[in-house]
Amino acid sequence: MIESQVKQEKLAKARIEKAEPVFIEMFGYEPMFYGHVCEYADLLEESISSGEPKLMEHDSSIFL
């Protein structure tokens with residue numbers, strides 16, 4: 001099970017590498033997301049396909 005999770009996370013990171021620059025170009029800002037990488041990848045791709053941003057703009061004043 002752990003191998004499967006690691007594999008999913010690696011695939012999600014590859015999806016993010018492709019989708020994040022497209023998101024930034026489409027919406028004009030760097031997205032912010034605090035959660036699992038798979039969810040982030042899904043939201044990036046959903047934003048790109050729908051044309052509607054599903055992620056907030058990165059705010060450097062916010063710290064967790």
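**Charges, core and two buried helix residues**

The chain carries 6 positive and 13 negative side chains, and the centres of these two sets lie 10 Å apart. The model shown here is a predicted one, which is worth keeping in mind while exploring it. Its accessible surface comes to about 4900 Å², and 55% of that area belongs to carbon and sulfur atoms.

A first look at the fold shows two helices and two strands. Following the sequence from start to end, these elements come in the pattern α-β-α-β. Along the principal axes, the C-alpha atoms fill a box of roughly 35 × 30 × 15 Å. Of the chain's 64 residues, 22% count as buried. Contacts that bridge long stretches of sequence are well represented: among those between residues at least 6 apart, 63% join residues at least 24 apart.

Next comes the interior. In soluble globular proteins, nonpolar side chains tend to be buried together. In this chain, the largest nonpolar core has 11 residues, namely Ala-12, Ile-16, Ala-19, Phe-23, Phe-27, Tyr-29, Cys-38, Tyr-40, Ala-41, Leu-44 and Leu-55. Helix H1 (2-27) and helix H2 are the elements that give two or more residues to this core. The largest share, five residues, comes from H1.

One member of the core, Ala-12, makes a good starting point for a closer look. Ala-12 lies in helix H1 and has a relative accessible area of 1%, so it counts as buried. Setting aside residues up to four places away in sequence, Ala-12 touches Val-37, Cys-38 and Ala-41. Tyr-40 offers a nice example of how folding relates sequence to space: Ala-12 and Tyr-40 are 28 residues apart in sequence, while their C-alpha atoms are 8.2 Å apart.

A second residue to visit is Ser-47, found in helix H2 (residues 37-50). Ser-47 is buried because its relative accessibility is 0%, below the 20% cut-off. Not counting residues up to four places away in sequence, its contacts are Phe-23, Phe-27, Glu-52, Pro-53, Lys-54 and Leu-55. With Lys-54 there is also a polar detail: a polar atom of the Ser-47 side chain lies 2.8 Å from the backbone nitrogen of Lys-54. Phe-27, for its part, is in contact with Ser-47, Gly-51, Glu-52 and Pro-53, again leaving aside neighbours within four places in sequence. Glu-52 and Pro-53 are thus touched by Ser-47 and by Phe-27.

Key. Residues numbered from 1 in each chain as written. Predicted model: local features only at pLDDT ≥ 70, side-chain atom pairs only at ≥ 80, totals over all residues. Heavy atoms only, no water. Helix = DSSP H or I, 4+ residues; strand = E, 2+ residues; numbered from the N terminus. Buried < 20%, exposed > 50% of the residue type's maximum accessible area, 1.4 Å probe, protein only. Polar contact = N/O pair within 3.5 Å; in protein donor to acceptor, adjacent residues only side chain to side chain. Contact = heavy atoms within 4.5 Å. Areas by Shrake-Rupley, 256 points an atom, 1.4 Å probe, with all protein chains shown as cover. Lys, Arg positive; Asp, Glu negative; His and termini not counted. Charge placed at Lys NZ, Arg CZ, Asp CG, Glu CD. Core = buried A, V, L, I, M, F, W, Y, C linked by side-chain atoms within 4.5 Å.
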